[in-house]
Amino acid sequence: TSSAAWASIATGATGSGAGSVTFNVAANTTTLARTATLTVAGQTFTITQAAASCSFSISPTTQSFAAAGGSGSIAVTTTAGCSWTATSSAAWVSIATGATGSGTGSVTFDVAANTTTSTQTATLTVAGQTFTVTEAGAPGCSFNITPTSQSYGSSGGSGTIAVTAPAGCSWTASSGAGWVAVIIGASGSGNGTVSFSVSANTTTAARSTTVTVAGNVFTVTEAAPATCSYSVSPLSLTPAGAGGTGALTITTQAGCAWSASTGTPWITITGSGTGSGTAAYTIDVNATTSSRTGSMLVGGQTVTVTQAPPAPPAPPSNVRIIG
């Protein structure tokens with residue numbers, strides 16, 4: 001019989017007369033020597049096994065990073081029970097997990113962004129092995145914008161500007177005039193977008209300003225309001241005494257506003273709009289005995305209305321007019 005599971009009887013667990021016993025000894029994966037006994041025919045057989053020898057290897061042994069930094073992982077291979085530690089030689093490389101361990105395991109680490117323009121190097125000591133970290137220097141900051149200008153009609157509008165820059169390079173955006181407002185992207189870092197709005201031009205002249213984005217100039221040009229002229233058709237009406245309805249046609253430039261009104265009580269007109277359009281009107285029955293004149297004001301133009309008197313009644317069928 002055996003006193004330990006790691007020493008097992010292979011053959012000869014029982015016997016009679018002269019014979020032999022064979023046994024197996026498993027590998028020692030611990031860091032301590034160990035002893036077991038076999039009791040064979042009432043006699044003690046002692047087995048002594050040496051401790052495992054701790055050896056360590058890591059993979060990989062080096063890693064390079066861009067200036068933005070990042071994170072990495074190191075695999076540790078060793079015998080079960082063999083303890084190890086991981087330390088960093090520089091503050092910009094920190095151990096995230098696996099500062100201590102036993103047996104096979106892993107170490108994860110973080111690399112901070114390099115804010116200098118020089119390449120920097122540090123080492124991690126993992127299970128007595130050296131792991132080298134190399135980080136590139138930050139690039140010189142250069143900025144580009146697309147597009148570099150935009151034009152608007154007098155009603156204004158909105159737009160966007162794309163900023164291209166290396167990661168970690170900061171920039172700002174500001175407007176040179178109150179009628180252009182930066183809505184999104186007043187500040188940023190690396191690639192980004194600036195959004196802006198342009199107010200309607202209420203002056204009588206075209207105007208221009210700039211938006212400074214990451215040191216680049218973006219030009220905004222806005223047209224002057226359109227000069228509005230109006231024509232109305234027809235400009236005179238001669239409705240019958242029975243009155244009726246109709247519409248006037250207004251012709252003007254796009255964006256030019258107009259309205260229609262009247263001070264004549266027997267005329268009704270409605271309508272307003274922007275650009276060319278129509279205005280509907282209604283003329284009441286002329287209840288007087290003579291013609292009458294009224295007017296409508298449409299798009300600044302006067303439309304004259306001359307309404308005939310009511311038609312005389314037809315004579316009775318049984319009346320004959322002589323002379």
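1. On the surface of this predicted model, Phe23, Val25 and Phe45 together make a nonpolar patch of about 230 Å². One of these residues, Phe23, is placed in strand β2, which covers residues 22-25. Phe23 has a relative accessibility of 31%, and it therefore counts as partly exposed, since that class lies between the limit of 20% for buried residues and the limit of 50% for exposed ones.

2. Aromatic side chains also deserve a look, as the count of aromatic pairs in the structure comes to five. Among the residues involved, Phe65, Phe109 and Phe131 are linked by ring pairs into a cluster.

3. Two arginines are placed over tryptophan rings. The charged end of Arg34 sits over the ring of Trp6, at 4.3 Å from the ring centre, and Arg292 lies over the face of Trp266, where the distance to the ring centre is 4.1 Å.

4. How many salt bridges does the structure hold? There is one salt bridge, and it is formed where the side chains of Arg207 and Glu222 meet, with 2.8 Å from N to O. Because Arg207 lies in strand β21 (residues 207-213) while Glu222 lies in strand β22 (residues 216-222), this pair ties together parts that are 15 residues apart in sequence. In general, side chains of opposite charge can pair when their charged atoms come close. A student may also wish to note that Arg207 and Glu222 are both buried.

5. Strand β27, made of residues 267-270, shows an alternation of its side chains. Ile267 and Ile269 point to one face and are buried, whereas Thr268 and Thr270 point to the other face and are not buried. The neighbour of β27 in this pairing is strand β29 (residues 277-283), and the two run in the antiparallel sense with four bridges between them. Within that pairing, Ile267 has Ile283 of β29 as its bridge partner.

6. Which strands form the open sheet, and in what order do they stand? The sheet has five strands in the order β24-β31-β30-β26-β28, and the pairing in it is mixed. At the edges stand β24 (236-237) and β28 (272-274), each of which has a single partner strand, so one side of each is left without a neighbour in the sheet.

7. Inside the order just given, strand β26 (residues 257-261) pairs with strand β30 (residues 292-298) in the antiparallel sense, over two bridges. Here Ala260 stands opposite Val298, a residue of β30.

How values were computed: Residues are numbered from 1 along each chain as its sequence is written. This is a predicted model: local features need pLDDT of at least 70, side-chain atom pairs count only at pLDDT 80 or more; totals for chains, interfaces and linings use all residues. Side-chain values use heavy atoms; hydrogens and water are left out. Patches are made of residues with over 30% relative accessible area and no salt bridge: like charges are joined within 9 Å, nonpolar side chains (Val, Leu, Ile, Met, Phe, Trp, Tyr) within 5 Å. Accessible areas come from the Shrake-Rupley method with a 1.4 Å probe; for residues, only the protein chains shown count as cover. A salt bridge is a side-chain nitrogen of Lys or Arg within 4 Å of a carboxyl oxygen of Asp or Glu. Buried means under 20% relative accessible area, exposed over 50%, partly exposed in between (1.4 Å probe, protein chains only). Rings of Phe, Tyr and Trp (its six-membered ring) pair if their centres lie within 6.5 Å; planes under 30 degrees apart count as stacked, over 60 as edge-to-face and the rest as tilted. A charge sits over a ring if NZ of Lys or CZ of Arg is within 6 Å of the ring centre and within 35 degrees of the ring normal. Two strands pair if DSSP finds at least two bridges between them.
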